[in-house]
Structures are given as C-alpha cells and as structure tokens.
Amino acid sequence: MMEWCSNKYVGVFFDDVPHVCIRYTLPSSTGEEKKSIKKYPFINKRNLKVKLIDYKKDKTYNFSIPKGYCYDGASIPRLFWRVIGSNTDNRFLIPALIHDVLCEHHEYVDNDRKFSSNVFNALLEASDVYPMKRFFMKNSVDLFQKLFCKWRIADG
C-alpha cells in the first residue's frame with residue numbers, strides 16, 4: 001500500500017494510483033445511459049484497495065472500490081463555483097471518489113461521520129486545495145451528511 005496522505009488525524013493508503021475519468025454520452029447512448037452519465041459523470045477505472053487509519057482512535061479500515069464505480073464528483077452548487085470551483089476540478093476527483101463511497105457505505109468506517117469528513121479534508125489537502133476552500137468544503141459536507149445521509153452514530 002502506498003501512502004497517499006497523512007496528518008495527525010488520518011492516513012489514507014491505496015494499493016495503486018487511483019484512475020478516474022469523465023464519462024461521455026455518445027450519439028448511440030440510450031436515454032437511460034444519458035441520464036446515468038448526467039447524474040454520475042465520473043468513473044473509477046481500476047479496482048482500488050483502500051486503507052484508512054484513524055490515528056485518534058487507533059483504528060484501521062480496509063475496503064475496495066470496484067472498477068466501473070460511477071459517482072457524481074464534488075457536489076458543489078453552481079452558485080459557489082466561482083469561490084470553490086466546479087465539480088469537474090481535478091483536485092476534487094479523488095477526494096470525492098473516496099467520500100462518495102464512504103457516504104454510500106457508512107459501515108466501512110464504523111458509521112463515523114466525523115472521521116469520514118476528516119478523510120475528505122486530508123484528501124483535499126493532499127490535492128493542494130487552499131485551506132479556506134477545504135474548511136468550507138469539509139464543513140459543508142459534514143453538515144450535509146449530518147442532516148441528510150442518515151449516519152447512525154452521533155458525534156464522538
């Protein structure tokens with residue numbers, strides 16, 4: 001496993017360099033395919049093993065992201081694109097991939113929403129996202145998760 005990023009809270013490791021691409025509609029795409037691509041424009045192009053370490057709780061989590069996994073990227077409202085950047089900003093693609101998987105599979109991190117947000121923040125930092133943008137993105141995502149994503153365990 002290669003270390004992708006690490007700070008005093010989390011460590012993120014991958015077995016290979018993540019490879020994500022933009023999905024395109026083709027003239028031959030069906031209506032259903034076009035709808036899917038519009039909703040989930042990004043695709044993970046290789047099987048990826050992920051190891052996350054929670055240094056505060058001394059816990060390690062391992063999971064895989066299958067080749068072909070599609071996701072929506074950073075869910076940034078268009079109103080904030082001038083300040084934050086658009087969902088197609090390449091600095092957001094890997095953080096959004098991992099975060100979207102964790103939002104779909106809370107069990108991968110024992111339903112620890114705060115840890116999930118810290119992972120997202122560490123990945124944004126590793127992608128050279130400026131501190132003020134990271135702060136806004138991490139806290140917005142954490143609030144959204146708290147209100148709408150049904151994480152079971154309360155803040156710990």
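The crossing of α3 and α4 is right-handed, a crossing being called right-handed if the near helix is turned clockwise from the far one by less than a right angle, and left-handed if anticlockwise. The model described here is predicted, so that local features are reported only at pLDDT of at least 70 and side-chain atom pairs only at pLDDT 80 or more, whereas totals for chains, interfaces and linings use all residues. Residues are numbered from 1 along each chain as its sequence is written, and side-chain values use heavy atoms, with hydrogens and water left out.

## Helix packing

Two packed helices are described by the angle between their axes and the distance between the axes. Here axes are lines fitted to C-alpha atoms, for helices over the stretch in contact, and the angles run from 0 to 180 degrees between N-to-C directions. Helix α4, residues 131–148, packs against α3 at an angle of about 155 degrees, with the two axes 10 Å apart. That makes α3 roughly antiparallel to α4, since angles over 145 degrees count as roughly antiparallel, those under 35 as roughly parallel, those from 65 to 115 as roughly perpendicular and the rest as oblique.

On the α3 side, the residues that meet α4 include R113, K114, S117, F120 and E125, while those on the α4 side include R134, M137, V141, D142 and K146; contact means heavy atoms within 4.5 Å. By class, this contact of α3 with α4 has 4 nonpolar, 5 polar and 7 charged residues, where Ala, Val, Leu, Ile, Met, Phe, Trp, Tyr, Cys and Pro count as nonpolar, Asp, Glu, Lys and Arg as charged, and the others, Gly among them, as polar. D142, in helix α4, touches R113, K114 and S117 when residues up to four places away in sequence are not counted. With a relative accessibility of 15%, D142 counts as buried, because buried means under 20% relative accessible area, exposed over 50% and partly exposed in between, for a 1.4 Å probe and protein chains only.

The axes of α2 and α3 come within 8 Å and cross at roughly 170 degrees, which makes α2 roughly antiparallel to α3. In this pair, I94, P95, A96, I98, H99 and L102 of α2 meet S116, V119, F120, L123 and L124 of α3, and the residues of the contact divide into 9 nonpolar, 2 polar and no charged.

## Nonpolar cores

In soluble globular proteins, nonpolar side chains tend to be buried together. A nonpolar core is taken as a set of buried Ala, Val, Leu, Ile, Met, Phe, Trp, Tyr and Cys residues joined through side-chain atoms within 4.5 Å. The largest such core has 28 residues, and those with the most contacts inside it are V50, L52, I65, Y71, L97, I98 and V119. Two or more residues each come from β2 (10–14), β5 (48–54), β6 (59–65), α2 (93–104) and α3 (113–126), and α2 gives the most, with 7 residues. I98, leaving aside its neighbours within four places in sequence, is in contact with F14, V50, I65, V119 and L123. Apart from this core lies another, of 6 residues, among them A74, F92, F120 and V129.

## Individual residues

The table lists accessibility and place for four further residues.

| Residue | Place | Relative accessibility |
|---|---|---|
| D100 | helix α2 | 13%, buried |
| D110 | loop between α2 and α3 | 36%, partly exposed |
| D128 | loop between α3 and α4 | 59%, exposed |
| K38 | helix α1 (residues 31–39) | 73%, exposed |

Leaving aside its neighbours within four places in sequence, D100 is in contact with Y69, Y71, D72 and G73, and its C-alpha atom is separated by 9.6 Å from that of C70, 30 residues away along the chain. K38 and D72 are 34 residues apart in sequence, with 8.5 Å between their C-alpha atoms.

Most residues other than glycine have a negative phi. D110 nevertheless has a positive phi of about 50 degrees, and D128 has a positive phi of about 60 degrees.

## The protein as a whole

The protein has 4 helices and 7 strands, which follow the pattern β-β-β-α-β-β-β-β-α-α-α along the sequence; helices (H or I, at least four residues) and strands (E, at least two) are DSSP runs, numbered from the N terminus. Buried residues make up 44% of its 156 residues. Of the contacts with a separation of 6 or more, 62% join residues 24 or more positions apart.
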